Amino acid sequence: MSRSARLARPAAIARHAALLATGTLILVPFVWMVSLSLKPPGEIFRASFSLLPEEWYAVENYGRAITEAPLPFYMLNGVVVCAAILILQILVCAPCAYALAKLDFKGRNLLFALVLVGLLLPHQVLALPLFILGYSLGILNTYAALVFPFVVSPFGIFLFRQFFKSIPDDIVHAARLDGLSELAIVWRIMVPMALPAVIAFSIFSVVSHWNDLFWPLIAVRDEALMPPPLGIMAFKNEEAGNDYGPLMAASTLVVLPLVIAFLAAQRWFVEGMTGGALK
């Protein structure tokens, strides 16, 4: 065995050990959440540690999670809101990214710098101005209030712009010679070729807004408009304390569609990201 091979094996073991340790730390809260969703109240607050319950309470906890609050309706709200946000983001971000990547105009670098500044600003910083704007427009406590702050995504513009820049300019010039308009180039050429970026951004967008609690807590009060993270707060009782069994069961049901969707799309996601943009 060569010296390089002898050095490569310990390095590979160290990398895999670091990844395994990091993955374990990430999974611990989710495993604990599922464990609590299976336990009766008496075992949840027991001082001794046990991953599996002595008395299985899954039927009661998950039954209460579905019946005591309209959790399926909250999840349907989440689907509607996330789908609307994602569609509007792609409709806005793709042309903006194309302009920053392929069009030459004055102020292009300044606009891209503003996009980078937008990436640095936490969404919580903009909550008060957005609330005042929503109040002025009269859209608070509506689906529009949950959607409009996220239509323009600096991350989406940045991601698409970087991917569009990797596409040769000759393809764009050939499309113009064929008589395609700039918008037609975006939707018929650039976006299909940037499918890996679209898939990656879709995953990030859906996960972010499906799990968002901060802005829905400000924007809506009507129970019929609540998305899943806000809806599961129905299990919080200030007098009796939090009902942790059904709360953890509801949280598990809310997270489960994201896990299933990601596992189902993982192969296409990885293939798209490693296959490159040009075919």
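Which residues of helix 11 are buried? The buried ones are P196, A197, V198, A200, F201, S202, S205, H209 and W210, where buried means under 20% relative accessible area, exposed means over 50%, and partly exposed is in between (1.4 Å probe, protein chains only).

## What you're looking at

This is a predicted model, so a few ground rules apply: local features need pLDDT of at least 70, side-chain atom pairs count only at pLDDT 80 or more, and totals for chains, interfaces and linings use all residues. Residues are numbered from 1 along each chain as its sequence is written, and side-chain values use heavy atoms, with hydrogens and water left out.

The secondary structure is easy to sum up: 14 helices and 0 strands. Helices here are DSSP runs of H or I with at least four residues, strands are runs of E with at least two, and both are numbered from the N terminus. Of the 279 residues in the chain, 35% are buried.

## Helix 11 up close

Back to the helix we started with. Helix 11 covers residues 195–210, which is 16 residues. From its first C-alpha to its last it reaches 22 Å, close to the 22 Å expected at 1.5 Å a residue; the expected span is 1.5 Å times one less than the number of residues. As a general reminder, an α-helix has 3.6 residues a turn, so residues three or four places apart point the same way.

## Aromatic rings

The model has 5 aromatic pairs. Rings of Phe, Tyr and Trp (its six-membered ring) pair if their centres lie within 6.5 Å; planes under 30 degrees apart count as stacked, over 60 as edge-to-face and the rest as tilted. One of the pairs is F112 with F158, which is stacked at 6.2 Å centre to centre with 15° between the planes. F112 lies in helix 5 (residues 108–120) and F158 in helix 8 (residues 154–165), so this pair ties together parts that are 46 residues apart in sequence. F112 is buried, with a relative accessible area of 14%, whereas F158 is partly exposed at 28%. F112 also has a charge for company: the charged end of R161 sits over its ring, 3.8 Å from the centre. That label calls for NZ of Lys or CZ of Arg within 6 Å of the ring centre and within 35 degrees of the ring normal.

Then there's F155 with F204: their ring centres are 5.6 Å apart and their planes are at 85°, so the pair is edge-to-face. F155 is in helix 8 and F204 in helix 11, 49 residues apart, and the pair links these distant parts of the chain. Both rings belong to partly exposed residues, with F155 at 32% relative accessibility and F204 at 47%. Ring pairs also link F155, F160, F164, F201 and F204 into a cluster.

## Salt bridges and helix 9

How many salt bridges does a search of the whole structure find? The search turns up 2, a salt bridge being a side-chain nitrogen of Lys or Arg within 4 Å of a carboxyl oxygen of Asp or Glu. One joins D169 and K102 at 2.7 Å, N to O. This pair links distant parts of the chain, with D169 in helix 9 (residues 169–177) and K102 in helix 4 (residues 71–102), 67 residues apart. D169 is partly exposed at 42% relative accessibility, while K102 is buried at 13%.

R176 and E182 form a salt bridge too, with their closest N and O atoms 3.0 Å apart. R176 is partly exposed at 29%, and E182 is partly exposed at 33%. H173 is another residue to find in helix 9, partly exposed at 41%. The C-alpha atoms of H173 and I185 are separated by 9.9 Å, with their positions 12 residues apart along the chain.

## A greasy patch and an odd phi

I26, L27, F30, V31, W32, F49, L51, L52 and W56 make a nonpolar surface patch of about 960 Å². Patch residues have over 30% relative accessible area and no salt bridge; like charges are joined within 9 Å, and nonpolar side chains (Val, Leu, Ile, Met, Phe, Trp, Tyr) within 5 Å. Within the patch, F30 sits in helix 1 (residues 3–37) and is partly exposed at 41%.

Finally, check out N141. Its phi is near 60°, a positive value in a residue other than glycine. In general, most residues other than glycine have a negative phi. N141 is in the loop between helix 6 (127–137) and helix 7 (143–147), and is partly exposed at 33%.

Key. Areas by Shrake-Rupley, 256 points an atom, 1.4 Å probe, with all protein chains shown as cover.
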